[in-house]
Amino acid sequence: MSMQDLFCKFHKNIKVETDELREKRDIIVDKIRNSLKNSDNPVPELLNQGSYIYGVGVKPIGDSEYDIDVGLVFSIKSSDYEAKIVRKWVYDAIATHTNNVEDRGPCIRVHYAAGYHVDLVIYSKYKDNDSVENYQLAFKNNTWHPSEPKQLKEFISDKRKPFVNTKDSSGADQLQRVTRYLKRWNDIFIPGDSDDKPFGLATLLLVIEKLPIPYVDVNGNSTDLEALINIVAKAKNTLGRIIIRKPTQEYEDVFSKLSDDAMNKFKNRLESLYSTLVSVRNMSDNDAAQSLQKQFGNDFPVPDKKEDELSIDSSMKKKAIADMDAAIPLFTNPSSPWSRG
Amino acid sequence: MWWCIDKNEFERFKSEISEFDFFNYRIENDRVIIEGCWPVYGKTSLIRSYKIKIVVSDDFPNTPPAVFEVGDEIPKSPAYHFNISDNSACLFARPERFNVWPLGAGIKDFINGPVKAFFFSQAYKELTGEWPFGEWSHGDEGIVEFYAHLLYVQSLTIIKEMLELTLEHKIFRQWKCPCGSGKRLIMCHAERINSLSKIIPRFEILEALKIIDNEIAQGKKTARLIKKSKIVE
């Protein structure tokens, strides 16, 4: 089993299967829409967003829940309505069928079934004179903030284009895989919700900025380890805080939620991750996997004994070939095989 | 039988074969048969071994012995260079025998030459998928390739002209070289043509000329140059 095989297996272990989430999303979104239809308020359109739309969702660990991000888009002019009013439409609609609702900063979180929650993000959308769609996001503090969810989606899919040949059997490219590895790495060190943990989007945008093109070997096969080393090296070497600006309005620094202390801890973690990644380059698969488990957790696979024996086999094979190659020049006049045909 | 007729040759055989302690020989139905495990070595270590059987030809050492792999570890097909008719190993292109096991050479040179190269090739092929010393095409095509290799010429008509030169009683070194370089023979292919005529007996060259004529008649123009790979030539 090669290093890349180990990473791909790890990826398979942590990747969110979106089908089930999609089902959950549809159920809750239907409920919300029905409640809104029954009221006198406008009915929103849906805008799917978030990690699993970008293909970077990771399975939650411990007590954490799967989260599903859904945008609710009201075709209204934000200056005509207060943000809190629009948020209340949604809040009230949900409250008719569940009381497990949490009003959070940029979103309304609905705890659905065990292990799932849906984050609803509320937008207003209106077309200006040039028919340009303007999206505004309704915050909890009753303010509207310009937002460009569609442009963000486009930005991400644009940045994925150079990675088209790095897709694995699950259809995920190197950019997505590496983002998932780092998200899981964050979850391992900071389980649960925490202001000290970078947003999923922040991790994705960090990877996008530090990894403009894929890392592959001479045969064109992905080398996710090298891609990771490259990203982590660049990130850890940043002077001062790591600042990654959202490529769309409001161009805010997606790492700004981290306090200076949390940022320092994050950079120290990057430093330690970097040394681990570099050290495993020259290790046997088994030793490498054990080191990597300390960073990425137990979903990182350790090759079983049989696979390890095979790798000993392959190293003996390499030795045998090298020894035979060295013997070839000793044949001064070798015959070549033929057949009478 | 050669071993009763030529006592000296048989004595030489016995003394040479005794140098290989992993081989035993016996006489079965008047034939000399060698059996044992042939070890394949890299530069420093044993890679593997093959159980083999060598049936010494009735007119040894004029005709080479037949070699068999009897441990059933190599598929017996032309792709692995075994003859379909009797599963014998095809150690070399027929005329190549005179290059790698010249007339007059004994069993020791046969084993240390073509037998060693053949099983080294098999073990290398198993590990890497490559033939370390290249491989000839099957049948007549491989024979022409062998001459193309010795003369380092691809064109069938030029190979033919060069082989015809070897049949001349005397080669005039000031003649133009048939290869088309415009140079005199002495400055060009004379050396290769001469050494070929020293190694390969006349009857083999006459045979080769027939084959080449036949190939030309079928519209073929060139022979493949094989790579005796990784060997500096």
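Biologist: Where in chain B is the place of Tyr152(B)?

Modeller: Tyr152(B) sits in the loop between α5 and α6 (156–167) of chain B. Helices are DSSP runs of H or I with at least four residues, strands are runs of E with at least two, and both are numbered from the N terminus. This is a predicted model, in which local features need pLDDT of at least 70 and side-chain atom pairs count only at pLDDT 80 or more, whereas totals for chains, interfaces and linings use all residues. Residues are numbered from 1 along each chain as its sequence is written, and chains are lettered from A and ligands numbered from 1 in the order in which they are written.

Biologist: Why is Tyr152(B) called exposed?

Modeller: A residue is exposed if 12 or fewer other C-beta atoms lie within 10 Å of its own, buried if there are 20 or more, and partly exposed in between, with C-beta atoms placed from the backbone. Tyr152(B) has 11 other C-beta atoms within 10 Å, and therefore counts as exposed.

Biologist: What makes the backbone of Tyr152(B) worth a remark?

Modeller: Tyr152(B) has a positive phi of about 55° although it is not a glycine. Most residues other than glycine have a negative phi.

Biologist: What is the phi of Asp72(B), and where is this residue found?

Modeller: Asp72(B) has a positive phi of about 60° and is not a glycine either. Asp72(B) is found in the loop between β4 and α3 of chain B. With 8 other C-beta atoms within 10 Å, Asp72(B) is exposed.

Biologist: Which residues does the cis peptide bond of chain B join, and what is its omega?

Modeller: The bond joins Phe60(B) and Pro61(B), with an omega of about 0°. Pro61(B) lies in the loop between β3 (46–55) and β4 (66–69) of chain B. In chain A, a cis peptide bond joins Gln249(A) and Glu250(A), with omega about 5°. Glu250(A) is placed in the loop between α8 (224–236) and α9 (260–280) of chain A. Most peptide bonds are trans.

Biologist: How do you know that the length of helix α8 of chain B agrees with its number of residues?

Modeller: The expected span is 1.5 Å times one less than the number of residues. For the 16 residues of α8(B) (residues 202–217) this gives 22 Å, and the end C-alpha atoms are 23 Å apart, so the two agree.

Biologist: Which residues of α8(B) are buried, and what do they pack against?

Modeller: Ala208(B), Ile212(B) and Glu215(B) are buried. Their directions from the helix axis to the C-beta atoms define an arc. That arc is within 60°, so the buried residues of α8(B) line one face of the helix. They pack against α5 and α6 of chain B. The face turned away from the buried side carries exposed residues, among them Arg202(B), Phe203(B) and Lys210(B). Just after α8(B), Gly219(B) takes a positive phi of about 95°.

Biologist: Why are the buried residues of α4(A) said to be on the same side of the helix?

Modeller: Ala83(A), Val86(A), Arg87(A), Trp89(A), Val90(A), Ala93(A) and Ile94(A) are buried in α4(A). They cover an arc of only 145° around the axis, which puts them on the same side of α4(A). The 13 residues of this helix (residues 83–95) should span 18 Å, and its end C-alpha atoms are 18 Å apart, which agrees.

Biologist: How many residues does each chain bring to the contact?

Modeller: Two residues are in contact if their C-beta atoms, placed from the backbone, lie within 7 Å. The contact takes 38 residues from chain B and 20 residues from chain A. On the side of chain B, α4(B) gives the most, with eight residues. That side divides into 20 nonpolar, 13 polar and five charged residues. Here Ala, Val, Leu, Ile, Met, Phe, Trp, Tyr, Cys and Pro count as nonpolar, Asp, Glu, Lys and Arg as charged, and the others, Gly among them, as polar.

Biologist: How many helices and strands are there in chain B?

Modeller: Chain B has eight helices and four strands, and 34% of its 233 residues count as buried. Chain A has eleven helices and seven strands, and 35% of its 341 residues count as buried.
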